[in-house]
Amino acid sequence: MYTQVFFTHCTRASVSDDLGLIELLSQNLDYFRAKPMNIPKITILLDHGYHPEKITAALQTLYPQIMTKLRFQLAPKPTKAEKDALGKTGFVPVATRWGKRTFKCLDGTM
């Protein structure tokens, strides 16, 4: 699988995942407007804390054609058997989803 970083965006920890992604993409709508229609859509893998319908609706109010160039896909959760095979329990990070909240300010001001 090919992964590429397109944009970065910092928010306060109190900003919801959905709103943070809406902000990031809405600040970069010119990229999507300029993206040719004849190349594959960009796929953004999300965890199950996101609400793709809510994100899509918000983005389409700003740029109605955005979903012709972009799609959201919920990343699969590891099954209990997969976790057991890895010797893991509870939350197990999924390697193939967009990175969020990668950095945290040490003094708590972000």
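Trainee: Which elements do the buried residues of helix 1 pack against?
Mentor: This is a predicted model. Helix 1 is mostly covered, with seven of its 10 residues buried. Those buried residues pack against helix 2, strand 1, helix 3 and strand 2.

Trainee: Which residues of helix 1 are buried?
Mentor: Seven of the 10 residues in helix 1 are buried. Buried here means under 20% relative accessible area. The residues are Asp-17, Asp-18, Gly-20, Leu-21, Ile-22, Leu-24 and Leu-25.

Trainee: Which residues have the most contacts inside the largest nonpolar core?
Mentor: That core has 17 residues. Leu-21 and Leu-25 are buried residues of helix 1. The residues with the most contacts inside the core are Leu-21, Leu-25, Ile-55, Leu-59, Ile-66, Leu-70 and Phe-72.

Trainee: Which elements give two or more residues to this core, and which gives the largest share?
Mentor: The elements with two or more residues in the core are helix 1 (17-26), helix 2 (29-34), strand 1 (42-46), helix 3 (52-62) and strand 2 (70-74). The largest share is four residues, and it comes from helix 1.

Trainee: What does Leu-25 touch, not counting residues up to four places away in sequence?
Mentor: Leu-25 is a buried residue of helix 1. Leu-25 is also among the residues with the most contacts inside the core. Its partners are Phe-7, Phe-32, Ile-44, Leu-59, Leu-70 and Phe-72.

Trainee: In what order do the elements of the protein chain run from the N terminus on?
Mentor: The chain has four helices and two strands. Helix 3 lies on the path from strand 1 to strand 2. The order is α-α-β-α-β-α.

Trainee: In which sense do strand 1 and strand 2 pair, parallel or antiparallel?
Mentor: Strand 1 is mostly covered, with four of its five residues buried. Five bridges join strand 1 and strand 2. One of them pairs Ile-42 with Leu-70 in strand 2. The sense is parallel.

Trainee: Is the β-α-β crossover from strand 1 to strand 2 right-handed or left-handed?
Mentor: Strand 1 and strand 2 are parallel. The chain goes from strand 1 through helix 3 to strand 2. The crossover is right-handed.

Trainee: How far apart are the C-alpha atoms of Lys-41 and Leu-70?
Mentor: Lys-41 sits in the loop between helix 2 and strand 1. Leaving aside neighbours within four places in sequence, Lys-41 contacts Lys-35, Met-67, Thr-68, Lys-69, Leu-70 and Arg-71. Along the chain, Lys-41 and Leu-70 are 29 residues apart. Their C-alpha separation is 4.9 Å.

Trainee: Which residues does Met-37 contact, leaving aside its neighbours within four places in sequence?
Mentor: Met-37 is in the loop between helix 2 and strand 1. Met-37 is exposed, at 56% relative accessible area. Met-37 and Thr-68 are 31 residues apart in sequence, yet 7.4 Å apart from C-alpha to C-alpha. The contacts are Thr-68 and Lys-69.

Trainee: What share of the contacts with a separation of 6 or more comes from residues 24 or more positions apart?
Mentor: The contact between Lys-41 and Leu-70 spans 29 residues. The contact between Met-37 and Thr-68 spans 31 residues. For the protein chain, the share is 67%.

Trainee: Why can Asp-30 and Arg-33 meet in a salt bridge?
Mentor: Side chains of opposite charge can pair when their charged atoms come close. Asp-30 is exposed at 59% relative accessibility, and Arg-33 is partly exposed at 40%. The N to O distance is 3.2 Å. The two residues are three apart in helix 2, so the separation is about one helical turn.

Trainee: Which other pair forms a salt bridge, in helix 4?
Mentor: The whole structure has two salt bridges. In helix 4 (residues 80-86), the partners are four residues apart, about one helical turn. One partner is partly exposed at 46% relative accessibility, and the other is exposed at 63%. With an N to O distance of 3.4 Å, the pair is Asp-84 and Lys-80.

Trainee: What percentage of the protein chain's residues count as buried?
Mentor: The chain has 110 residues. It exposes about 7900 Å², with 59% supplied by carbon and sulfur atoms. The buried share of the residues is 27%.

Methods: Residues are numbered from 1 along each chain as its sequence is written. This is a predicted model: local features need pLDDT of at least 70, side-chain atom pairs count only at pLDDT 80 or more; totals for chains, interfaces and linings use all residues. Side-chain values use heavy atoms; hydrogens and water are left out. A nonpolar core is a set of buried Ala, Val, Leu, Ile, Met, Phe, Trp, Tyr and Cys residues joined through side-chain atoms within 4.5 Å. Buried means under 20% relative accessible area, exposed over 50%, partly exposed in between (1.4 Å probe, protein chains only). Contact means heavy atoms within 4.5 Å. Accessible areas come from the Shrake-Rupley method with a 1.4 Å probe; for residues, only the protein chains shown count as cover. Two strands pair if DSSP finds at least two bridges between them. A crossover is right-handed if, with the strands pointing away from the viewer, the path from the first strand over the helix to the second runs clockwise. A salt bridge is a side-chain nitrogen of Lys or Arg within 4 Å of a carboxyl oxygen of Asp or Glu.
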